[in-house]
Every structure is written in structure tokens, then in C-alpha cells.
Amino acid sequence: MEILHAEGFSALTQNAVALRAGVRQSHLTYYFPTRLDLLRNVAQYGCAQVIDPITEGSERGHVTRSQFREFLVPNEMDRGWIRLFTGLMIAAEEDPSIRVWLSEFTESNNKRLHAAFCAVIGEVPIDAIRMLHACFIGVMHVEMQLGNEQSLRQAQTTMKRAVDQVIEQAASSNRARGVRK
């Protein structure tokens with residue numbers, strides 16, 4: 001993760017990871033036979049670091065709406081994840097298996113976020129979660145073009161507005177159905 005965040009997608013190689021971890025490359029390739037295996041595992045780990053606190057906290061009722069909203073706002077660390085996923089999307093053009101994995105991975109994460117939204121906010125259409133995902137990817141790509149404090153603040157403001165719209169629509173819909181959250 002340090003390599004990804006500091007040096008970007010192209011620097012995340014088996015050799016670089018082995019050197020940084022202080023292990024032989026052959027040992028690393030035993031667990032991650034290809035660079036793609038390494039990238040997939042980094043992606044899974046990174047998403048777990050972001051999504052697990054949201055989903056686990058919401059399942060237990062330990063997350064307020066305000067906290068939930070803040071979880072969904074991008075920060076500087078998200079720049080590295082966007083680089084990784086952009087690289088995986090580009091690699092998917094050459095390898096259909098990556099596209100299948102990436103699609104399944106994204107949908108799995110969207111379903112987990114959907115469950116968290118429903119636990120904290122009330123019933124929310126899965127399409128609203130997909131829209132938030134698309135918004136997040138879009139604002140972070142735009143933010144990466146400049147990569148400064150102002151662009152990050154703009155990305156955060158945009159995501160807050162998008163999350164607020166989903167929350168307001170869900171609350172309105174839930175009120176109309178007589179559901180309280």
C-alpha cells in the first residue's frame with residue numbers, strides 16, 4: 001500500500017513489494033504468483049480497510065448518520081486506490097478475466113455499502129449506491145488531475161452533496177411508506 005500511495009500503480013511490482021517487505025521475490029510469488037494476483041489482493045485489502053468500518057459499525061448500530069456520511073467522503077489516501085483501480089480497468093482491456101473479477105468485486109462492495117446504508121439510513125435503492133460509486137470514481141479522477149488541497153476539497157464537497165441527496169431521497173421515501181430510521 002505504501003508503494004501504491006507514494007509511487008503509483010506502475011511502481012507496484014512483485015520485486016518492489018518483496019524489497020519493501022524484506023523478503024525474497026520467490027517467497028512473495030509463492031503467495032502471489034502473478035502481479036495481477038498481488039494487485040487483486042491489494043485492492044481487496046484496501047477496500048476492506050475502507051468498507052469494513054462502515055459496514056461493521058452500521059450492522060451493530062454504532063454509526064450515526066453524520067459519521068456514515070463522513071466515511072463516504074474521499075481523503076488523500078483515496079488517490080492511491082483510484083490509481084490502482086484505474087490501472088486494473090486499463091488492464092481489463094487486455095485481460096477479460098480482470099474485467100470479470102473487477103465487476104464482481106465492485107458489485108460485492110456495492111452490496112455491502114447498500115446493506116450499511118439500509119442499516120443506518122433506511123431503505124435505499126441499490127441504484128443509488130451504484131450512482132454514488134460512479135460519482136466517487138468521477139470526482140476522484142477529476143481531483144487526481146490537479147492533486148492539490150483545493151481539488152480534494154472540491155471532491156469532498158461534491159461527494160457530500162451526492163451522499164446528502166441519497167440520504168434525503170431515502171428519508172423522504174421511507175417517510176412516505178411510514179418507515180422510521
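The legends below walk through several close-up views of this predicted model.

**View 1. Helix 6 meets helix 7 at an oblique angle.**
Welcome to the first stop, where two helices cross. Helix 6 covers residues 78-94 and helix 7 covers residues 96-120. Their axes come within 6 Å of each other, with a crossing angle of roughly 135 degrees. An angle of that kind makes helix 6 oblique to helix 7. On the helix 6 side, the contact is built from Phe-85, Leu-88, Met-89, Ala-91, Ala-92, Glu-93 and Glu-94. Helix 7 answers with Pro-96, Ile-98, Arg-99, Trp-101, Leu-102 and Phe-105. Sorted by character, the residues of this contact comprise ten nonpolar and three charged, with no polar ones.

**View 2. An edge-to-face pair joins Phe-68 and Phe-117.**
Four aromatic pairs turn up when the whole structure is searched, and this view shows one of them. The ring centres of Phe-68 and Phe-117 are 4.7 Å apart, and their planes stand at 90 degrees. Phe-68 belongs to helix 5 (residues 65-71) and Phe-117 to helix 7, so the pair ties together parts that are 49 residues apart in sequence. Are these two rings buried or exposed? Phe-68 counts as buried because its relative accessibility is 0%. Phe-117 is buried as well, with a relative accessible area of 1%.

**View 3. Phe-85 and Phe-105 are stacked.**
Here we return to the crossing of helices 6 and 7, now with the rings in focus. The centres of Phe-85 and Phe-105 lie 6.0 Å apart, with 15 degrees between the planes. Since Phe-85 sits in helix 6 and Phe-105 in helix 7, the pair ties together parts that are 20 residues apart in sequence. Phe-85 is buried, at a relative accessible area of 14%, and Phe-105 is buried at 11%. Together with Trp-101, Phe-85 and Phe-105 form one aromatic cluster. Phe-85, Trp-101 and Phe-105 also appear among the residues that make the contact between helix 6 and helix 7.

**View 4. The largest nonpolar core has 25 residues.**
Which residues have the most contacts inside this core? They are Phe-68, Phe-117, Ile-121 and Val-124, so the edge-to-face pair of the second view reappears here. Helix 7, helix 8 (126-146) and helix 9 (149-176) each contribute at least two residues to this core. Setting aside residues up to four places away in sequence, Val-124 touches His-114, Phe-117, Cys-118, Ile-129, Val-166 and Ala-170. Another core, of 24 residues, lies apart from the largest one, and its members include Ala-18, Ala-43, Ile-51 and Trp-101.

**View 5. Asn-109 and Arg-130 offer two contrasting settings.**
Asn-109 is placed in helix 7 and counts as buried at 10% relative accessibility. Beyond residues up to four places away in sequence, Asn-109 touches Cys-47 and Ile-51. Of these, Ile-51 is one of the residues in the core of 24 residues. Arg-130, by contrast, is found in helix 8 and is partly exposed, with a relative accessible area of 33%. With residues up to four places away in sequence left out, Arg-130 touches Glu-107 and Asn-110. The C-alpha atoms of Arg-130 and His-114 are 9.1 Å apart, while the two residues are separated by 16 residues along the chain.

**View 6. Gln-14 is buried in helix 2.**
Helix 2 spans residues 14-21 and includes Gln-14. Gln-14 counts as buried, with 13% relative accessibility. Which residues does Gln-14 contact, leaving aside its neighbours within four places in sequence? They are Gln-25, Leu-28, Thr-29, Phe-32, Pro-33, Thr-34, Arg-35 and Leu-38. Between the C-alpha atoms of Gln-14 and Met-140, 126 residues apart along the chain, the separation is 26 Å.

**View 7. Arg-79 of helix 6 is buried.**
The last stop is a charged residue in helix 6, Arg-79. Arg-79 has a relative accessible area of 13% and is therefore buried. Apart from its neighbours within four places in sequence, Arg-79 is in contact with Met-140, Glu-143, Met-144, Gly-147, Asn-148, Ser-151 and Leu-152.

Terms used
Residues numbered from 1 in each chain as written. Predicted model: local features only at pLDDT ≥ 70, side-chain atom pairs only at ≥ 80, totals over all residues. Heavy atoms only, no water. Axes fitted to C-alpha atoms, helices over the stretch in contact; angles between N-to-C directions. Helix = DSSP H or I, 4+ residues; strand = E, 2+ residues; numbered from the N terminus. Parallel < 35°, antiparallel > 145°, perpendicular 65-115°, else oblique. Contact = heavy atoms within 4.5 Å. Phe/Tyr/Trp six-rings, centres within 6.5 Å; stacked < 30°, edge-to-face > 60°. Buried < 20%, exposed > 50% of the residue type's maximum accessible area, 1.4 Å probe, protein only. Core = buried A, V, L, I, M, F, W, Y, C linked by side-chain atoms within 4.5 Å.
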